[in-house]
Amino acid sequence: MARPYGLLRAGFPYLKTLGMRRLTNFPVGIALGPEGTGRMFILCRQEGAALVRKYSFDDEDGGTFGEVGDEEGKLQWPVSIIADSEENVYISDEALDRISSFDSDGEFLACFGEPGSGEGQFNRPAGMAFDADENIYIVDSMNHRVQKFAKDGQFILGWGSFGDGDAQFDMPWGITVDELGDVYVADWRNDRIQKFSADGEFVMKFGTSGSADGEFNRPTDVAVDLDGDIYVCDRGNNRVQLFNQEARYVEKFLGAATLSKIGREYMMTNASPNRIRDMAVLEPQKFLRQPRSIAVDAAGHLFITDTGSYRVQVYQKEAIHLEPHQFAPPMRSVTLHQE
Amino acid sequence: MSTSAVEARTDLALLAHLYRRAGFGATREQLDRLAARDYEDTVEFLLNPTPEAGVPDDEIARYMGGEAPHAYTATWLFRMINSECQLQEKMALFWHHVFATGLAKNEHALAASSQIEMFRRNGLSDMRTILLDLSHDPAMIFWLDNNENHNGEPNENYGRELLELFSLGVGNYTEIDIKNAARAFTGWTFTQPTPLYPHGYYPTEFRFDPEDHDNGEKTFLGKTGNLDGGDIIDIIVEQPSCARFISRHLYNFFVADEPQVPTWNDLPPQDPELVDAMSKAFLDSGGEIRAVLRVMFNSDSFKDARFKKVKSPTELVVGVLKMVGNHDNFRPGLAKYAESTTVVMGQKLLDPPTVEGWHTGKEWIDGGNLTERVNFAVGEIGDGSSPGIQRIVDRLLEGDSLSSPESFVDSILNAIGPIEVEEPTRAALVKFATDSEGDDDRSRVVRMLRLTVATPEYQFA
């Protein structure tokens with residue numbers, strides 16, 4: 001499907017909150033199941049705990065899998081989770097320097113990678129993304145590079161080195177591949193996003209350090225929707241920023257959470273927390289706290305793992321595709337002319 | 001430059017002593033680097049931490065974290081092991097000892113960890129700032145019931161401990177002073193945080209409720225007026241007894257073990273001259289902690305006070321972990337040391353047993369936890385594959401350290417300290433060195449290391 005000629009951005013309202021403490025503690029990654037199923041896998045990690053929570057768009061718990069350990073099939077410090085077309089999930093582990101795969105029931109399938117800096121080796125693998133052929137791009141964070149693999153772990157290509165020049169990285173984290181095959185990397189300590197062709201040719205970069213619109217404080221993840229809009233998880237600024245496909249800043253998401261369905265059910269049977277909650281100022285509860293990752297789907301949903309608040313906040317994009325006759329040609333300058 | 005400073009420039013043993021006390025120890029490689037500086041310059045470096053010398057906060061946020069107390073203490077241990085700002089971390093631990101606040105009552109791990117962050121931030125500043133921040137700290141307010149200290153219904157718990165345990169010591173105030181101090185802190189409370197469910201801990205902060213504050217006239221330590229908490233702290237910090245009490249605490253923590261705090265009104269300091277000099281620095285500087293520490297660390301008494309202190313569990317564990325080198329970069333596994341290792345030795349960070357804090361010195365050690373301490377050190381050191389142990393082994397094998405049993409022992413003691421041992425200990429080590437001649441060198445060095453950290457002397461800083 002081709003990208004629209006133009007967009008009428010009607011709105012991007014908050015839609016719902018998923019999860020709560022004890023179910024989705026410290027969600028650091030999210031992988032969406034097949035379009036329309038509402039299934040998802042939420043990766044949770046904190047000191048001494050690492051698991052995958054199977055979850056639904058209707059806020060229903062589907063159980064967990066994952067166990068802490070060094071052995072094959074176990075996790076230590078998982079960073080990113082992605083799901084393939086068969087709903088097998090792949091999880092990067094920056095403590096074990098490997099990628100592990102599981103089926104949707106949590107049965108361990110395989111793993112690849114080992115510590116090192118050679119081809120196919122990792123030093124703290126982080127973000128991952130599939131391309132249309134289900135090859136995997138993996139951010140190899142402390143080697144300051146991106147590597148591309150076949151699903152079975154066969155090394156295909158790689159690029160990047162340490163630095164702040166074009167196609168250089170400083171501890172990169174998140175990554176995504178758009179529907180055209182271009183690759184976007186959250187260049188964490190350089191506070192920017194870099195875009196590459198599928199083969200690693202540098203295309204563009206945007207962002208700088210700071211907290212103003214369009215600036216970043218350690219971006220952790222990036223996602224691109226079918227309109228070409230670019231979403232950046234600006235973790236240090238506790239927000240997600242939206243840019244158009246030319247990297248022009250559009251708007252930001254600070255959080256607008258309400259109690260999830262499952263959270264409401266919990267609170268209905270707990271008198272003391274209800275009283276304490278009633279004594280507190282609630283406004284801070286709306287906002288994102290150290291969001292770690294983002295995902296978008298074809299239906300226009302934006303999923304943000306609100307890591308510090310043990311939940312996922314979901315927004316709904318409302319944008320109408322415009323044809324050339326509905327969208328004037330680009331203007332060279334801003335204008336006060338009104339029509 | 002004094003003669004002692006010139007000598008100190010190359011005195012690794014003195015540097016090692018300084019880093020055991022002002023920090024959590026130093027590896028031999030770190031000491032070699034530090035030896036290029038004058039001793040006084042190293043003291044100034046420790047007294048003036050910079051963000052650049054600490055562990056980067058963004059990396060802490062990236063790799064560490066979690067809700068449970070042990071997640072925070074794991075992060076704190078990482079800083080203790082890896083921060084160049086060793087004294088900053090040590091002062092956070094010092095104030096945690098003095099202003100002991102326990103999770104057993106508070107249950108709010110975020111508030112507890114925020115208190116430690118406060119000590120990291122202000123621990124080297126001045127006593128007025130420290131006591132004012134402490135009086136604003138939600139964890140402390142709840143711990144000592146100042147949230148229950150209301151106008152017309154004062155709760156004296158915080159007022160009493162502020163004077164008795166936190167600033168002046170028994171015998172330097174009256175019951176009337178306590179009552180009026182409590183009245184001065186009425187209305188000092190905190191904002192209600194939202195509950196843990198369903199979205200985790202939320203921060204809380206100090207809140208002053210003017211409607212709940214006693215604006216009546218109060219007399220405190222001879223001064224009368226409509227005193228509030230800030231006025232009380234101003235008066236406290238001016239007291240010579242405050243200067244002496246805090247100086248003695250610092251001496252006990254950094255120089256040599258003193259008897260437990262409740263006896264201080266009856267037993268004079270073992271080194272009254274140094275405590276007097278520290279007290280004078282406190283009063284002359286308006287309560288600047290840096291000024292007091294500067295006098296202390298540069299004193300001959302401090303320099304001579306080697307191996308006069310029993311290591312706290314935290315000091316022992318962090319010192320060993322630093323030497324072993326498994327956690328000189330981010331990796332899983334630190335939590336267990338805070339969650340169980342130091343706990344079985346008698347120190348659970350963030351959760352001291354009472355408002356008196358931990359009893360220190362020889363009270364750290366009994367038959368049971370001595371076994372834990374020795375077993376821990378031997379177990380960690382015994383893993384010859386650890387990077388720090390490999391560095392020590394390589395260092396010893398590079399030269400002629402193993403040319404004789406005596407040389408072997410001297411080299412081991414030098415490599416892990418330098419540390420000093422009594423003659424019977426040295427004789428036992430020499431015997432092992434003699435008996436093991438002909439064994440595989442690497443294995444022999446590791447076994448000698450295990451034997452060395454099992455000595456009584458290794459329990460002392």
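# A walk through a predicted two-chain model

In chain A, four strands form an open sheet in the order β17-β18-β19-β20, and their pairing is antiparallel. The edges of this sheet are held by β17 (175-177) and β20 (202-206) of chain A, and because each of them has a single partner strand, one side of each is left without a neighbour in the sheet. Neighbouring strands here are turned against each other by 20° on average, with direction ignored. The structure is a predicted model, and everything that follows should be read with that in mind.

Within this sheet, the edge strand β17(A) pairs with strand β18 (residues 183-187) of chain A in the antiparallel sense, over three bridges. One position can be picked out on the two strands, where I175(A) stands opposite V185(A) in β18(A). In general terms, the strands of a sheet pair through backbone hydrogen bonds, and they may do so either parallel or antiparallel.

Another open sheet of four strands is found in chain A, with the order β2-β27-β26-β25 and again with antiparallel pairing. Its edges are β2 (14-18) and β25 (293-296) of chain A, each with a single partner strand, so one side of each is left without a neighbour in the sheet. From one strand to the next, the twist in this sheet averages 20°. Inside the sheet, strand β26 (residues 301-306) of chain A and strand β27 (residues 311-316) of chain A pair in the antiparallel sense over six bridges. On these strands, H301(A) stands opposite Q316(A) in β27(A).

Chain A also offers a hairpin to look at. Strand β5 (residues 49-56) of chain A pairs with strand β6 (residues 61-65) of chain A in the antiparallel sense, and three bridges join them. For R53(A), the bridge partner in β6(A) is T64(A). Between the two strands of the hairpin lie four residues, and in this hairpin D59(A) takes a positive phi near 65°.

A single residue, I136(A), gives a more local view of chain A, and it lies in strand β12 (residues 136-140) of that chain. I136(A) counts as buried because 25 C-beta neighbours are found inside 10 Å, whereas 20 would already be enough. Leaving out residues up to four places away in sequence, I136(A) touches Y90(A), M128(A), F130(A), F149(A) and K151(A). For K151(A), which is 15 residues from I136(A) along the chain, the separation of the two C-alpha atoms is 6.3 Å.

Chain B can be approached first as a whole. It has 25 helices and four strands, and buried residues make up 49% of its 461 residues. The C-alpha trace of chain B spans about 80 × 55 × 40 Å along its principal axes. A compact globule of 461 residues would have a radius of gyration near 23 Å, and chain B, with 23 Å, agrees with this. Among the contacts in chain B between residues at least 6 apart in sequence, 73% join residues at least 24 apart.

How do individual parts of chain B fit into this picture? In helix α4 (residues 39-47) of chain B, the buried residues are Y39(B), T42(B), V43(B) and L46(B). These residues cover an arc of only 105° around the axis, which puts them on the same side of α4(B). Farther along, A109(B) lies in helix α9 (residues 109-122) of chain B. A109(B) is buried because 21 other C-beta atoms lie within 10 Å, where the cut-off is 20 or more. Neighbours within four places in sequence aside, A109(B) is in contact with E67(B), A68(B), P69(B), Y72(B), L103(B) and Y201(B). Between A109(B) and A139(B), which are 30 residues apart along the chain, the C-alpha atoms are separated by 9.3 Å.

It remains to bring the two chains together. The contact takes 29 residues from chain A and 23 residues from chain B. On the side of chain A that touches chain B, α1 (261-267) and α2 (271-279) of chain A each supply at least two residues, and α2(A) gives the largest share, four residues. By class, this side of chain A has 15 nonpolar, nine polar and five charged residues.

Note on methods: Residues numbered from 1 in each chain as written. Chains lettered and ligands numbered in written order. Predicted model: local features only at pLDDT ≥ 70, side-chain atom pairs only at ≥ 80, totals over all residues. Contact = placed C-beta atoms within 7 Å. Nonpolar A, V, L, I, M, F, W, Y, C, P; charged D, E, K, R; others polar. Pairing = 2+ DSSP bridges. Buried ≥ 20, exposed ≤ 12 C-beta atoms within 10 Å, placed from the backbone. Arc of directions from axis to C-beta. Rg over C-alpha atoms; globule rule 2.2 N^0.38 Å. Axes fitted to C-alpha atoms, helices over the stretch in contact; angles between N-to-C directions.
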